[in-house]
Amino acid sequence: MSESIPVTETQTIPKVPTLPDAQTVTSVKHWNERLFSFRVTRPQSLRFRSGEFVMIGLMNDPDPKTGKQKPLLRAYSIASPSWDEELEFYSIKVPDGPLTSRLQHIEVGDEIILRPKPVGTLVLDALLPGKRLWMFATGTGIAPFASLMRDPETYEQYDEVILMHTCREVSELEYGRQLVESLPDDPLIGELVGGKLRYYPTTTQEESAQMGRITDNLSSGKVFADLGLPPMGAQHDRGMVCGNLAFNKDIMAVLEGFGLEEGANSDPKHYVVEKAFVD
């Protein structure tokens with residue numbers, strides 16, 4: 001059993017930004033020694049579809065020769081829904097990562113750079129109409145689904161929404177677990193969620209109630225048996241995928257084995273994959 005650190009959270013009133021494209025951090029929550037989430041002010045001009053991402057970051061260290069600083073930016077899915085007055089992000093902590101090694105130390109009142117040009121593939125418009133929406137995520141890949149699970153349109157378009165989220169350890173599932181458990185009581189979408197949302201968290205290393213990789217649980221039929229659902233098929237099922245390169249390749253093969261075809265914003269089909277975070 002791994003040892004996790006207590007969840008901590010801080011909040012404050014935003015201050016006036018001083019950097020170009022800057023937004024102010026309004027809350028920070030550390031979920032364990034490797035994961036944290038934070039919320040920032042939202043630019044008044046920003047309009048996005050739930051599931052999209054933006055570029056965020058910090059100023060890099062000054063150039064030793066010129067003294068000039070350049071922004072250090074990375075693509076981050078917006079974890080909050082399109083109606084939220086603030087923006088939420090969910091991130092891993094990488095000790096030697098150019099950005100995350102510094103981003104993990106942000107505090108309430110600090111500023112981050114946010115380029116208000118949202119893009120992305122994990123949007124409802126990129127899928128053909130269907131009855132069941134499957135969300136497949138590993139690690140922090142749950143972020144775009146945290147947005148979509150809080151969007152009323154998701155439940156208006158689908159009879160069932162199934163989130164499969166897999167991490168190595170139990171503590172890494174906590175962000176998603178708390179979010180899913182809070183949705184039925186949400187004043188805006190609680191009634192819409194009803195019994196539509198199904199949650200299937202698994203771990204691959206630490207012992208937990210449900211074990212195994214997403215691809216294995218799909219291929220073996222275990223998830224269908226556990227949830228009392230028929231096998232996946234192109235007629236009714238739609239999928240969204242967000243994970244690392246190896247996971248994306250593996251699950252694409254599994255989904256296509258069920259007869260689903262990959263779509264895009266310009267060509268809606270049965271499933272979509274977010275590839276912006278793959279090196």
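Over which residues does the pLDDT stay under 50, and how many contacts beyond four places in sequence does the model have for them? In this predicted model, the pLDDT stays under 50 over residues 1-5, a stretch with ten contacts beyond four places in sequence. Residues 13-17 likewise have a pLDDT below 50, and the model shows ten contacts for this stretch beyond near neighbours in sequence. Where pLDDT is low, the predicted coordinates should not be read in detail. For the protein chain, the average pLDDT is 91, and 92% of the residues score at least 70.

The largest pocket encloses about 1200 Å³ of space. Its lining comprises 40 residues, of which Ile 92, Thr 138, Thr 140, Gly 141 and Asn 244 are the closest to the pocket centre. By residue class, the lining divides into 19 nonpolar, 14 polar and seven charged residues. Both strands and helices contribute to this lining: strands S5 (71-77), S6 (86-92) and S9 (160-167), together with helices H2 (143-148), H6 (214-219) and H8 (245-257), each supply at least two residues.

Several of these elements also take part in the packing of helix H4, which spans residues 174-182 and in which Glu 174, Tyr 175, Gly 176, Leu 179 and Val 180 are buried. The packing partners of the buried H4 residues are strand S3 (35-41), S6, H2, S9 and strand S10 (197-203). An α-helix has 3.6 residues a turn, so residues three or four places apart point the same way.

Two buried strand residues were examined individually. Ala 137 belongs to strand S8, residues 132-138. Ala 137 is classed as buried because its relative accessible area is 0%. Outside the range of four places in sequence, Ala 137 touches Ile 142, Phe 145, Met 164, His 165, Thr 166, Ile 214 and Cys 242. The C-alpha atoms of Ala 137 and Cys 167 are 8.8 Å apart in space, with their positions 30 residues apart in sequence.

Arg 39 is located in strand S3. With a relative accessibility of 17%, Arg 39 also counts as buried, because the cut-off for this class is under 20%. The side chain of Arg 39 forms a polar contact of 3.0 Å with the side chain of Glu 88. Residues touched by Arg 39, beyond four places in sequence, include Thr 24, Val 25, Thr 26 and Ser 27, as well as Ser 80, Asp 84, Glu 86 and Leu 87. Ala 79, 40 residues from Arg 39 in sequence, lies 9.4 Å away, C-alpha to C-alpha.

Two loop residues were also considered. Trp 83 is situated in the loop between S5 and S6 and is partly exposed, with a relative accessible area of 39%. A polar atom of the Trp 83 side chain lies 2.8 Å from the backbone oxygen of Arg 150. When residues up to four places away in sequence are excluded, Trp 83 touches Arg 42, Arg 150, Asp 151, Pro 152 and Leu 188. Trp 83 and Ser 50, 33 residues apart in sequence, have a C-alpha separation of 8.7 Å.

Gly 67 occupies the loop between strand S4 (53-59) and S5. Its relative accessibility of 45% places Gly 67 in the partly exposed class. Gly 67 and Leu 197 are 130 residues apart along the chain, and their C-alpha atoms are separated by 52 Å.

Methods: Residues are numbered from 1 along each chain as its sequence is written. This is a predicted model: local features need pLDDT of at least 70, side-chain atom pairs count only at pLDDT 80 or more; totals for chains, interfaces and linings use all residues. Side-chain values use heavy atoms; hydrogens and water are left out. pLDDT is the predictor's confidence in each residue, from 0 to 100. Contact means heavy atoms within 4.5 Å. On a 1 Å grid over the protein atoms alone, a cavity is a set of points where a 1.4 Å probe fits but cannot get out, and a pocket is an open set with protein on both sides within 12 Å along at least five of seven lines; lining residues have an atom within 4 Å of a point. Grid points are joined across faces, edges and corners, and a volume is the space filled by probe spheres set on the points. Helices (H or I, at least four residues) and strands (E, at least two) are DSSP runs, numbered from the N terminus. Ala, Val, Leu, Ile, Met, Phe, Trp, Tyr, Cys and Pro count as nonpolar, Asp, Glu, Lys and Arg as charged, and the others, Gly among them, as polar. Buried means under 20% relative accessible area, exposed over 50%, partly exposed in between (1.4 Å probe, protein chains only). A polar contact is a pair of N or O atoms within 3.5 Å; within protein, one must be able to donate a hydrogen and the other to accept it, and residues adjacent in sequence count only if both atoms are side-chain atoms.
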